[in-house]
Amino acid sequence: MLQTHHYTSSTQGLSSLTTLLTTPTASLLIDPPFLLTDAHKLLTWLQSLLTPSNPLKAIFITHHHPDHFFSANPILDAFPGTRLYAAPYVLARIDHEYAQKVAYWTSVFGAENIPAAPRKPEPYPFSFFVLGGHLIMLLGPVVGDCVDQTVFWIPGNRTVVAGDVVYGRSVHVWVEELESPALLHAWQKTLDLIERLQPEHIIPGHMEAGWELDAKADLAHTRRYLDLFAEKIAHAPAKMPVAELYGVFEREFPLCCENRDFFLGHMANQFGEGGTVWEENRHPDVRGRTGEGLNGYLFE
Ligand SMILES: [Zn+2]
C-alpha cells in the first residue's frame with residue numbers, strides 16, 4: 001500500500017507543504033522546506049515515519065521557487081544515498097536564478113536559516129517513477145504560480161501532489177508572477193487538467209497548519225483567486241492604486257491571515273499604480289511564453 005503524508009512548514013517558511021510517500025519497501029519526498037529550522041523539525045517527523053525497511057530513495061522538487069527546495073541539505077545529509085531530482089525544465093529555471101535568490105534570501109533570513117549552498121537537483125529524465133510497485137506520473141511542464149512546474153499524479157490513490165498549482169484555502173495565492181494574460185490562462189488550464197483527473201485528494205503547495213486537506217475546496221479557492229485576479233488586474237480597464245488593490249484581495253479572502261505583506265505586498269506593488277516592482281523576480285522571457293507553447297499539450 002502507498003500512503004501519503006504531509007508536513008507544514010512554519011509561517012515564516014511560508015507554510016509550504018512537504019509530501020512524503022511511503023510504501024512497505026521504499027519512500028520518497030516531494031518539496032523539502034524553505035528554511036533550515038523547518039528542515040530540522042521535518043527530520044524528526046521523517047524519522048518517525050521511516051524505518052530501515054522503507055528507506056528514503058529520492059527527493060523531488062515541483063518547481064524552482066526557493067520555498068520548495070532550499071533546505072534539502074540536512075535531509076540529504078541525514079539520509080545518505082538519497083537522490084535529489086527535478087524535471088529538466090525545473091532545473092533550468094533553478095540555474096537561471098540560483099545565485100541571485102541565494103543572496104537575496106540569505107539577506108532576509110540570515111545564514112542560520114538558508115544553507116550557504118542549497119543543493120541543486122539532478123535532472124530526472126523520466127515522465128514517471130515506480131515506488132514500491134506503485135506508479136506515479138510527472139505531469140509537466142505546466143503553469144502554476146510560475147512557469148515550468150511538475151504536478152505528481154498517483155492514479156492508484158487518486159491523489160495529486162500539486163505543488164504551487166493549487167493553494168490551500170488558508171493562504172493568499174502567489175499571483176505576482178502572472179505577468180501576461182497567457183500565463184493566467186495557462187494556470188487556469190492546469191486547474192482544468194487536475195479537475196479532469198477527478199482526484200480524491202490534492203496536496204497543495206501551501207496551507208497553514210491546522211487546516212484539513214479538501215481537494216474540491218482548495219481547487220475552488222485557487223480558481224476564485226485567479227478569477228479575481230482576471231477581473232481586477234489582468235482584464236481590468238485601468239490600474240488600481242497599490243493600497244486599494246491590496247485591500248480588495250485582503251477583504252475578499254478574510255481567512256487568509258498570514259504572510260499578507262509577502263503575498264499581497266508584492267502582488268499590489270507589481271500590478272498597482274505607483275508600485276515598486278520586484279525587478280529581480282521578473283520572468284526572463286515573458287513575451288516568448290505564449291499560449292501555444294504553454295498549453296502545447298492541449299489538442300482541442
Ligand atoms: Zn511556494
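1. Two strands pair if DSSP finds at least two bridges between them. In this predicted model, five strands meet that condition in an open sheet, in the order E7-E8-E9-E10-E11, with mixed pairing. Strand E7 (128-131) and strand E11 (201-204) are the edge strands, and each of them pairs on one side only. From one strand to the next, the twist averages 20 degrees.

2. One pairing inside this sheet can be followed by eye. Strand E9, residues 149-154, runs antiparallel to strand E10, residues 159-163, and three bridges join them. Look for Trp 153, which stands opposite Val 160 in E10.

3. There is also an open sheet of six strands, ordered E1-E2-E3-E4-E5-E6, again with mixed pairing. E1 and strand E6 (122-123) each have a single partner strand, so one side of each has no neighbour in the sheet. E2 pairs with strand E3 (residues 27-30) in the antiparallel sense over four bridges. Leu 20 has Leu 29 in E3 as its bridge partner. Helix H1 packs on this sheet, where it touches E1 and E2, and its direction makes about 15 degrees with that of E2.

4. Helix H1 covers residues 36-49, which is 14 residues. From first C-alpha to last it reaches 20 Å, close to the 20 Å expected at 1.5 Å a residue. Which residues of H1 are buried? They are Leu 36, Asp 38, Ala 39, Leu 42 and Leu 46. These residues lie on the same side of H1, because they cover an arc of only 135 degrees around the axis. They pack against strand E1 (3-8), strand E2 (17-22) and helix H2 (73-78). The face of H1 turned away from the buried side carries Thr 44, Gln 47 and Ser 48, which are exposed.

5. Pro 254 sits in the loop between helix H6 (242-252) and helix H7 (260-271). Is Pro 254 buried or exposed? A residue counts as exposed if 12 or fewer other C-beta atoms lie within 10 Å of its own. Pro 254 has 7 other C-beta atoms within 10 Å, and is therefore exposed. Val 171 is 83 residues away from Pro 254 in sequence, yet their C-alpha atoms are 9.8 Å apart in space.

6. A point on the annotation: an unreviewed UniProt entry lists residues 15-206 as "domain: Metallo-beta-lactamase". In the model, the chain over residues 15-206 is 30% helix and 26% strand. The end C-alpha atoms of that stretch are 5 Å apart.

Terms used: Residues are numbered from 1 along each chain as its sequence is written. This is a predicted model: local features need pLDDT of at least 70, side-chain atom pairs count only at pLDDT 80 or more; totals for chains, interfaces and linings use all residues. Helices (H or I, at least four residues) and strands (E, at least two) are DSSP runs, numbered from the N terminus. A residue is buried if 20 or more other C-beta atoms lie within 10 Å of its own, exposed if 12 or fewer, and partly exposed in between; C-beta atoms are placed from the backbone. UniProt positions are given in the numbering used here, feature names are shortened, and annotations may be inferred rather than shown by experiment. Axes are lines fitted to C-alpha atoms, for helices over the stretch in contact, and angles run from 0 to 180 degrees between N-to-C directions. The expected span of a helix is 1.5 Å times one less than its number of residues. The arc is that of the directions from the helix axis to the C-beta atoms. Two residues are in contact if their C-beta atoms, placed from the backbone, lie within 7 Å.
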